[in-house]
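Below are some notes for a colleague who has not yet looked at this structure. They are meant to be read with the sequence and the model at hand.

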Amino acid sequence: MEDNNRLTEYSVNDAEFWQKRYDEGYTGWDIGKISPPLQAYIEHLLDSGVSKSVQILIPGAGNAYEAGYLHEQGFSHVYVVDFAKLPLDNFAKRYPSFPKAHLLQADFFGLDPAQYQFDYIIEQTFFCAIDPSRRSDYAKQMQKLLKPTGKLVGLLLDKHFESSPPFGGDKQEYETLFQQFFTIDTLAPCYNSIKPRQGSELFFILSQKKVENAGVL
């Protein structure tokens, strides 16, 4: 069990909180490899013939195993965002051919939609790391960063915790939040989670809501 009390001098909204976690080894969310449900989804994209030049964002990516896998498969426009510098430096060492300009040490909420637009955004242990009071801001920013045909895809924790982070939730909470901003294509229990998370993860796919034509007067 991670000792969150050691980090109470910082807020989860601060880069220092996450940098200190990496510095002191408090990275219980890190499974050391790409998450099987997300690997399966990427393989589905490959099988469907999706262009490898699609724009993909992984926010709060940490060690970014998903980004590494996408890079290995030939996707050329993958962007990684994290508050902390250490995991980005580690990723750059593991993948020296990954574009350095695509490794962004930045606040996800500060990304400018006029500069960044994505076909896919992959959620993996980022949503559960932000303060729950910012969940509506998360959804709004995702909506702004996605292209009109874009999709937000990933995993959510289907459980609550005595101490946080991670900040948990349940399917009903997520439906209430996301249906305000997106069309919910999929929100269902994961069948291929890693063993410690079996029964406590939801896989989801969200699409931008279609804008209805107002008609000509």
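The numbered points go from the whole chain to single elements and residues.

1. Status of the model. This is a predicted model, and its confidence should be checked before anything else. The mean pLDDT of the protein chain is 86, and 80% of the residues score at least 70. Among the elements, strand 4 (residues 118-123) has the highest mean pLDDT, 98, whereas helix 1 (residues 15-24) has the lowest, 55.

2. The two ends. Residues 1-10 have a pLDDT under 50 throughout, and the model gives them 20 contacts beyond four places in sequence. Residues 213-217 also stay under 50, but they have zero contacts beyond four places in sequence. Where pLDDT is low, the predicted coordinates should not be read in detail. The contacts at residues 1-10, where pLDDT stays under 50, are best left out of any close reading.

3. Overall make-up. The protein chain holds six helices and seven strands. Read from the N terminus, their order is α-α-β-α-β-α-β-β-α-β-α-β-β. Of the 217 residues, 47% are buried. The accessible surface of the chain is about 11,000 Å², and carbon and sulfur atoms account for 49% of that. How many of the contacts between residues at least 6 apart join residues at least 24 apart in sequence? The share is 67%.

4. Strand 4. Is strand 4 enclosed or open to the outside? Six of its six residues are buried, so strand 4 is largely enclosed by the rest of the structure. Strand 1 (residues 56-59) runs parallel to strand 4 and is joined to it by two bridges. Strand 5 (residues 146-157) is also paired with strand 4 in the parallel sense, over five bridges. I121 shows both pairings: its bridge partner is L57, and I121 also stands opposite L152 in strand 5.

5. Helix 3. This helix (residues 65-72) is mostly covered, with six of its eight residues buried. Those residues are E66, A67, G68, Y69, L70 and H71. What do they pack against? Their partners are helix 2 (36-47), strand 1, strand 2 (78-82), helix 4 and strand 4. Just past the end of helix 3, G74 has a positive phi of about 100°.

6. Helix 4. In helix 4 (residues 85-94), the buried residues are P87, L88, F91 and A92. They lie on the same side of the helix, because the arc they cover around the axis is only 140°.

7. Q141 and its surroundings. Q141 sits in helix 5 (residues 135-145). Is its place in the structure buried or exposed? Its relative accessibility is 7%, so Q141 counts as buried. A polar atom of the Q141 side chain lies 3.0 Å from the backbone oxygen of F108. Beyond its neighbours within four places in sequence, Q141 is in contact with F108, F109, G110, L111 and P113.

8. Q115. This residue belongs to the loop between strand 3 (103-105) and strand 4. With a relative accessibility of 55%, Q115 counts as exposed. Q115 and L145 are 30 residues apart in sequence, while their C-alpha atoms are 9.1 Å apart in space.

9. Positive phi outside glycine. Most residues other than glycine have a negative phi, and most peptide bonds are trans. Two residues deserve a look on that account. A64 is not a glycine, yet its phi is positive at about 55°. A64 is located in the loop between strand 1 and helix 3, and its relative accessibility of 1% makes it buried. T125, also a residue other than glycine, has a positive phi near 55°. T125 is located in the loop between strand 4 and helix 5. Its relative accessible area is 19%, and T125 is therefore counted as buried, the cut-off being under 20%.

10. Where to begin. A reader new to the model could start at strand 4, which has the highest mean pLDDT among the elements and pairs with strand 5 over five bridges. From there, helix 3 can be taken up, as its buried residues pack against strand 4 and helix 4, among others. Residues 1-10 and residues 213-217, with pLDDT under 50, can be left until last.

How values were computed: Residues numbered from 1 in each chain as written. Heavy atoms only, no water. Buried < 20%, exposed > 50% of the residue type's maximum accessible area, 1.4 Å probe, protein only. Helix = DSSP H or I, 4+ residues; strand = E, 2+ residues; numbered from the N terminus. Arc of directions from axis to C-beta. Contact = heavy atoms within 4.5 Å. Areas by Shrake-Rupley, 256 points an atom, 1.4 Å probe, with all protein chains shown as cover. pLDDT = per-residue confidence, 0-100. Polar contact = N/O pair within 3.5 Å; in protein donor to acceptor, adjacent residues only side chain to side chain. Pairing = 2+ DSSP bridges.
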